[in-house]
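User: I've got this model open and I'd like to talk it through before I get back to the bench. Can we go over it piece by piece?

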Amino acid sequence: MGEEDSIYTQDGTVDYRGDPAVRTKTGTWKACPFILGNEFCERLAYYGMSSNLVLYFKNHLNQHSATASKNANNWSGTCYITPLIGAFLADAYLGRYRTIAAFSIVYVIGMTLLTLSASVPGLKPTCVAKDDCHATAAQSAVCFVALYLIALGTGGIKPCVSSYGADQFDDADETEKKHKSSFFNWFYLSINVGALIASSVLVWVQENVSWGWGFGIPAMAMAIAVVSFFSGTRLYRNQKPGGSPFTRICQVVVASFRKYEVKVPENKALYETADNESAVVGSRKLDHTDDFRFFDKAAVELESDEMLKGTVNPWKLCTVTQVEELKAIIRLLPVWATGIVFAAVYSQMGTLFVLQGDKMDAHIGPNFEIPAASLSIFDTLSVIFWVPVYDRIIVPMARKYTGHPNGITQLQRMGIGLFISIIAMLSAAILELVRLREVRRHNYYELDHMPMSIFWQVPQYFLIGCAEVFTFIGQLEFFYEQAPDAMRSLGSALSLTTVALGNYMSSLLVTIVTKVSTKDGSPGWIPDNLNYGHIHYFFFLLVILSVKNLIAYLFIAKWYKYKRPLGTLR
């Protein structure tokens with residue numbers, strides 16, 4: 001499609017660093033507006049379609065509440081698992097540009113089909129009233145085919161777009177490297193601006209105009225996202241895919257076990273290519289590290305490792321860089337695991353925070369009520385507020401004291417976010433204690449909405465948004481930077497899976513506490529009428545888990561060794 005004409009040399013290697021003319025014409029902030037525009041439109045499309053999906057299932061596909069909730073959760077979980085597919089294809093075979101381009105088209109097809117299923121007679125459910133509809137099996141099938149095409153499409157975009165934007169900044173240039181950290185901040189801001197419009201304007205369109213327009217506008221937004229992405233084609237810097245990362249990892253494991261009796265030389269004379277370029281396409285060489293030394297055996301040279309004509313069998317002998325790739329992934333896993341508890345806290349905005357707010361007074365003036373779910377806007381507004389504050393005020397101030405180009409390290413940034421999330425859950429728990437005290441004092445047990453303003457929830461939403469700016473954006477940058485060069489899409493996908501696992505963890509905790517707390521006829525912690533419940537116990541449980549998670553994270557962060565790249569990209 002012309003994206004490689006001025007970027008790759010005739011042998012296919014990345015050459016913008018070696019050609020000053022190409023380097024000055026491509027990448028950096030010149031290319032980023034097209035990528036940020038793509039992300040803004042794609043997230044507007046995604047949240048515009050997904051925010052109200054459970055109500056569409058219930059009211060238009062005529063599904064029971066439990067079934068609608070389960071189908072929405074299953075689909076949402078799939079959207080955070082499919083990035084592993086897109087990441088593998090991008091790192092191994094297609095590259096990030098082609099992966100985004102191909103999966104964006106799949107996404108648009110899915111959005112178009114979903115719009116048709118909600119607007120074309122014969123495809124859309126038959127309605128006798130606004131929220132009294134009946135869908136045939138075929139109509140439901142068309143809807144779910146469209147949704148899972150979207151899930152597949154987003155799986156190719158999510159793990160690649162942030163990494164592709166970061167690719168536009170050269171790690172070898174200190175000025176560009178500093179801007180890379182800023183890119184992640186503005187990337188996350190673009191996500192939240194899209195989400196803000198979706199959760200306000202598009203939800204209103206779906207409930208007050210029609211679902212055809214409610215899905216059609218996100219479909220148009222996604223089409224604009226594709227146009228925005230292709231518009232910047234000749235400005236992008238591209239990295240050549242490095243082949244299957246799983247194959248390289250397996251080669252190191254197999255070679256290590258084949259040589260389990262071999263001792264690693266004390267002088268650390270291990271096998272590596274002689275020139276500056278790595279044997280792994282799309283990757284710089286990595287410096288040797290002393291941990292996980294068992295895998296160093298894969299790089300110990302033996303006479304039996306050589307094949308005909310001096311070539312090497314990669315299942316018997318691996319380079320130091322290949323070994324360090326595996327070590328880098330192993331080091332990432334404990335940091336990744338600590339993100340799951342944070343994601344479980346984050347998921348409360350769509351569940352227990354909403355149920356808590358539903359029992360409070362939602363009036364703004366005498367005639368208007370704000371839906372409890374709409375308070376998540378304050379989370380989005382918090383992100384929109386904190387991103388420029390962090391990027392323009394906190395980072396420069398911190399840089400003066402620490403001397404670090406980014407002000408603070410990525411691990412420090414994520415740790416601060418984990419701490420703020422604890423304060424957010426404490427805020428939610430204290431609010432519920434105060435609310436229940438008022439219920440008991442004035443006997444409000446049977447009231448649907450007690451006379452206590454829903455806006456008392458704003459602090460917990462605002463704190464979650466602040467925690468996002470530190471932890472989620474920190475994760476985006478950390479997993480991109482610390483993943484091996486040829487596995488960066490996979491690193492981004494790995495960070496995304498914490499969201500899915502956090503949701504699953506929250507569901508598991510709810511299931512366990514409900515089963516335990518409802519014994520002997522007790523209403524339990526989370527009954528249908530929360531005025532008889534104790535959801536503050538659940539919030540305190542998450543506080544305890546978050547404190548333990550933060551303590552574990554501090555030990556992991558102290559143990560963690562940042563990767564040390566050498567040489568140039570191949």
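User: Over which residues does pLDDT stay under 50, and how many contacts beyond four places in sequence does the model have for them?
Analyst: Keep in mind that this is a predicted model. Where pLDDT is low, the predicted coordinates shouldn't be read in detail. The stretch in question is residues 1–18, and its contacts beyond four places in sequence come to 43.

User: And what does the protein chain average, and which helix has the highest confidence?
Analyst: The protein chain averages a pLDDT of 84, with 92% of the residues scoring at least 70. Confidence is lowest in helix H1 (residues 20–25), at a mean of 62. At the other end, with a mean of 94, is helix H16 (residues 535–559).

User: Which residues have the most contacts inside the largest nonpolar core?
Analyst: That core has 144 residues. The ones with the most contacts inside it are Met-49, Phe-57, Trp-75 and Leu-147.

User: Let's stay with Phe-57. Is it buried or exposed?
Analyst: Leaving out residues up to four places away in sequence, Phe-57 touches several others, including Asn-62, Ala-68, Cys-143, Phe-144 and Leu-147. Its relative accessible area is 0%, so Phe-57 is buried.

User: How many aromatic pairs are there, and what kind is the one between Phe-57 and Phe-144?
Analyst: Counting rings whose centres lie within 6.5 Å, there are 39 aromatic pairs. For Phe-57 and Phe-144, the ring centres are 5.2 Å apart and the planes sit at 25°, so this pair is stacked. The pair links distant parts of the chain, Phe-57 in helix H3 (residues 53–59) and Phe-144 in helix H6 (residues 137–167), 87 residues apart. In short, the kind is stacked.

User: What about Trp-211 and Phe-215, what kind of pair are they?
Analyst: They are four residues apart in helix H8 (residues 211–231), which puts about one helical turn between them. Trp-211 is buried at 10% relative accessibility, and Phe-215 is buried at 0%. Their ring centres are 5.4 Å apart with the planes at 50°, so the pair is tilted.

User: Where is the kink in helix H12 centred, and what do the buried residues of H12 pack against?
Analyst: The kink is about 45° and H12 covers residues 377–402. Its centre, Tyr-390, is one of the buried residues of H12, along with others including Val-387, Val-389 and Asp-391. So, taking the two parts in order: the kink is centred on Tyr-390, and the buried residues pack against helix H7 (174–208), H13 and H14.

User: What span should H13 have, and how far apart are its end C-alpha atoms?
Analyst: H13 has 33 residues, and at 1.5 Å a residue they should span 48 Å. That agrees with its end C-alpha atoms, which are 49 Å apart.

User: Which residue with a positive phi follows H13, and is it buried or exposed?
Analyst: Most residues other than glycine have a negative phi. After H13 comes Asn-443, with a positive phi near 55°, in the loop between helix H13 (410–442) and helix H14 (458–482). At 57% relative accessibility, Asn-443 counts as exposed.

User: Phe-292 has a positive phi too. Where does it lie, and what is its relative accessible area?
Analyst: Its phi is about 50°, although Phe-292 is not a glycine. Phe-292 lies in the loop between strand S3 (285–286) and helix H10 (320–346). Phe-292 is partly exposed, with a relative accessible area of 29%.

Notes:
Residues are numbered from 1 along each chain as its sequence is written. This is a predicted model: local features need pLDDT of at least 70, side-chain atom pairs count only at pLDDT 80 or more; totals for chains, interfaces and linings use all residues. Side-chain values use heavy atoms; hydrogens and water are left out. Buried means under 20% relative accessible area, exposed over 50%, partly exposed in between (1.4 Å probe, protein chains only). The expected span of a helix is 1.5 Å times one less than its number of residues. The bend at a residue is the angle between axes fitted to the seven residues ending there and the seven starting there. Contact means heavy atoms within 4.5 Å. pLDDT is the predictor's confidence in each residue, from 0 to 100. A nonpolar core is a set of buried Ala, Val, Leu, Ile, Met, Phe, Trp, Tyr and Cys residues joined through side-chain atoms within 4.5 Å. Rings of Phe, Tyr and Trp (its six-membered ring) pair if their centres lie within 6.5 Å; planes under 30 degrees apart count as stacked, over 60 as edge-to-face and the rest as tilted.
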